[in-house]
There are 2 protein chains.
Amino acid sequence: VVSISTDGAAPALGQAIRQRIETLLPPAISDWARAAKQLRPSLRRRMPDADARAAFWRRFAESAFVTPAGRMSAAVETLLAGKSNPRGKVTLVGAGPGDAEYLTLKAVRALQSADIILFDDLVSDDVLDLARREAKRMLVGKRSGRPSCRQEDINRLMLAMARKGKHVVRLKSGDPMIFGRAGEEIDMLEAAGIDVDVAPGVTTALAVAARLKISLTHRDHAQGVKFITGHSRKGGLPDIDWRNAADSSVTLMVYMGARTAPTLARRLIAEGMAPKTPVVIATAVSRPAERLERTTLGALAGAVLDPCEPVLIGIGAVFSQAASETRSISGSGFSALPSLKLADSA
Amino acid sequence: VVSISTDGAAPALGQAIRQRIETLLPPAISDWARAAKQLRPSLRRRMPDADARAAFWRRFAESAFVTPAGRMSAAVETLLAGKSNPRGKVTLVGAGPGDAEYLTLKAVRALQSADIILFDDLVSDDVLDLARREAKRMLVGKRSGRPSCRQEDINRLMLAMARKGKHVVRLKSGDPMIFGRAGEEIDMLEAAGIDVDVAPGVTTALAVAARLKISLTHRDHAQGVKFITGHSRKGGLPDIDWRNAADSSVTLMVYMGARTAPTLARRLIAEGMAPKTPVVIATAVSRPAERLERTTLGALAGAVLDPCEPVLIGIGAVFSQAASETRSISGSGFSALPSLKLADSA
């Protein structure tokens, strides 16, 4: 039912585009187009008002993208009954680390059916560009250490919009279920009876692994991988079991550790981790300003990182590979790993 | 240049489809269509043979999807020069846990430009359906415990195809950089001078979190999350620091642990973890046969799991939320968490 024309310029190109589109559109979209064709003649009688018909078709088009397979008939009935106040919902969406190519299809579809998008300040413009044009975009972000974070305001806003029947997308950098406060947001929404769905994202640690082309669990070097945060609710190093964190057989990925990095490195060394343990400092991973810097735990103890940039610190033997000359880092944004280039030294 | 027609049935639907397509196609695609229009008149003279022209347009269409922005002119020159043996490459692609909606855009694009796809047996048909129709698909999978895994054969095949100028996609379930043997494959390919790229995927642990709507690092319950594997190279429990793994302040996600689950549970209890620690057993997550079962570490010690199904075991206080009656699990494949439904009891 959907046909593509490249104006006769390149039939092979048109065919290649069509193939790709078919895989990316919801499979039921042609059923919706057929239903539209059947409905059109009788709709003029049912809805004499032209504005009402236009509004109907807009709602119809949106429903085509969000209605689960097999529920088209029921959805069309609801639309025809003119129930203009649908049940609102909230989708927590993982925006990934920056590059829109790292979004999941589920995340893209959520963005493309959103009425309102509440996004953190680490979410990239490229990701926001994929959202439905009419969606209202609101920056609700809070950066680590900034005093003005009011989770209560975000919660109140999500609740109010969902109760108005809106599809609210809560867009969080990385994956929503790793750090951030998705747990609290979900608890609040479900307690209030709002439907919640989660579209996973590529968490920053895995984006770093993909960019470095290093397996975080390379079986010659690590028996597992651990994600921790570098700062506590109060801003300092979190009160965790640092002896456990210093386990050199497990790759350690530290989120939000720019401010506490030297303290963290000293603490790990005090708990027995070798100062020569390889470290990678990944800044703005997958963004145009991406930097992947290689150092050691000992050097990290004396370094000062820019606290205003999104940083992930990887610690462990797997990162020794990043040092090898043979490992090439391809793509835009960086050339090769400089051997030790930190923002400043204390 | 690309136009959509829904056969007059629903202009609003056509517009909604067009908007979505625009966000999903490479931005430069209209430049390629314009270039095609300019080229067409002179191509008949340049390439009098109709078959050669058809082959040219097929290569042209594929290039439109894989050429980086800004390099169209150079790519078209290369195509016109008839260099039919392009540089081969290998992309390691994360297939996610099963649901094709969890694929990243980068993964979809890699699948849609692949010449050959080497996939593991846990990769779902839905994911393979998104690949380019002409791509050759080869199951090279090895399931945990099956003796016939020959990594050397996979390596040889990837190398041979890439050297022939093919785009090889190595499609791995979950994220390629978490467990599996991507590290060894990358080492081998780069040592042989083959270009390697990585398209990250949603690792199973994060898919479980999304389906349960539970933050793995909910700050009221956990200070971090750790991914380990449940079986060693030899098949038994791996030789890791189990005292560290028994840290109840860190959420533990165990991959490939179906066979060793009871031994693992007993070991964690012996190292001091409470038998009442909440456990979730996630089977075939995000697939039609998905099961999310809730139990405790003590009960897991006496359970027998089906070793032929993909299982992820989550252990930690964050999963106590899964027990609460208020937490709803939406979507197809499961209704609610049964309180203790294991395959069998020893």
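Take contact to mean heavy atoms within 4.5 Å. With that cut-off in hand, welcome to a tour of a predicted model, starting where its two chains meet.

**Stop 1: the whole interface.** Select chain A and chain B, and colour them separately. The contact draws in 96 residues from chain B and 96 residues from chain A. Putting these chains together buries about 8400 Å², and carbon and sulfur atoms account for 57% of that area.

**Stop 2: charges across the boundary.** Show the side chains at the interface next. Eight salt bridges cross between chain B and chain A. For one of them, zoom in on B:Arg109 and A:Glu101, where the closest N and O atoms lie 2.1 Å apart. Side chains of opposite charge can pair when their charged atoms come close. Now widen the view to polar contacts: 32 residue pairs make them across the interface of chain B and chain A, counting pairs with both residues at pLDDT 80 or more.

Which helix of chain B gives the most to the side that touches chain A? Select residues 11-24 of chain B: this is helix α1, and it supplies eleven residues. Colouring the side of chain B that touches chain A by class brings up 46 nonpolar, 23 polar and 27 charged residues.

**Stop 3: a strand from each chain.** Switch to a cartoon view and pick residues 224-229 in both chains. Strand β7 of chain A and strand β7 of chain B run antiparallel here, joined by five bridges. To see who faces whom, select A:Val225 and look across to B:Phe227 in β7 of chain B, which stands opposite.

**Stop 4: the symmetry.** Try superposing chain B on chain A. A turn of 180 degrees with a shift of 0.1 Å along the axis lays one on the other at an RMSD of 0.1 Å. The two copies are therefore related as by a two-fold rotation axis. The contact surface follows suit: 100% of the contact residues of chain B recur in chain A, so the same surface serves both copies.

**Stop 5: inside chain A.** Over all chains, the structure holds 38 salt bridges. For a last view, select A:Asp197 and A:Lys106, a salt-bridged pair whose closest N and O atoms are 3.0 Å apart. This pair links distant parts of the chain, 91 residues apart. A:Asp197 sits in strand β6 (residues 195-199), while A:Lys106 belongs to helix α5 (residues 105-111).

Definitions and conventions
Residues numbered from 1 in each chain as written. Chains lettered and ligands numbered in written order. Predicted model: local features only at pLDDT ≥ 70, side-chain atom pairs only at ≥ 80, totals over all residues. Heavy atoms only, no water. Buried area = accessible area lost by both parts, 1.4 Å probe. Salt bridge = Lys/Arg side-chain N within 4 Å of Asp/Glu carboxyl O. Polar contact = N/O pair within 3.5 Å; in protein donor to acceptor, adjacent residues only side chain to side chain. Helix = DSSP H or I, 4+ residues; strand = E, 2+ residues; numbered from the N terminus. Nonpolar A, V, L, I, M, F, W, Y, C, P; charged D, E, K, R; others polar. Pairing = 2+ DSSP bridges. Least-squares fit on C-alpha atoms with pLDDT ≥ 70 in both.
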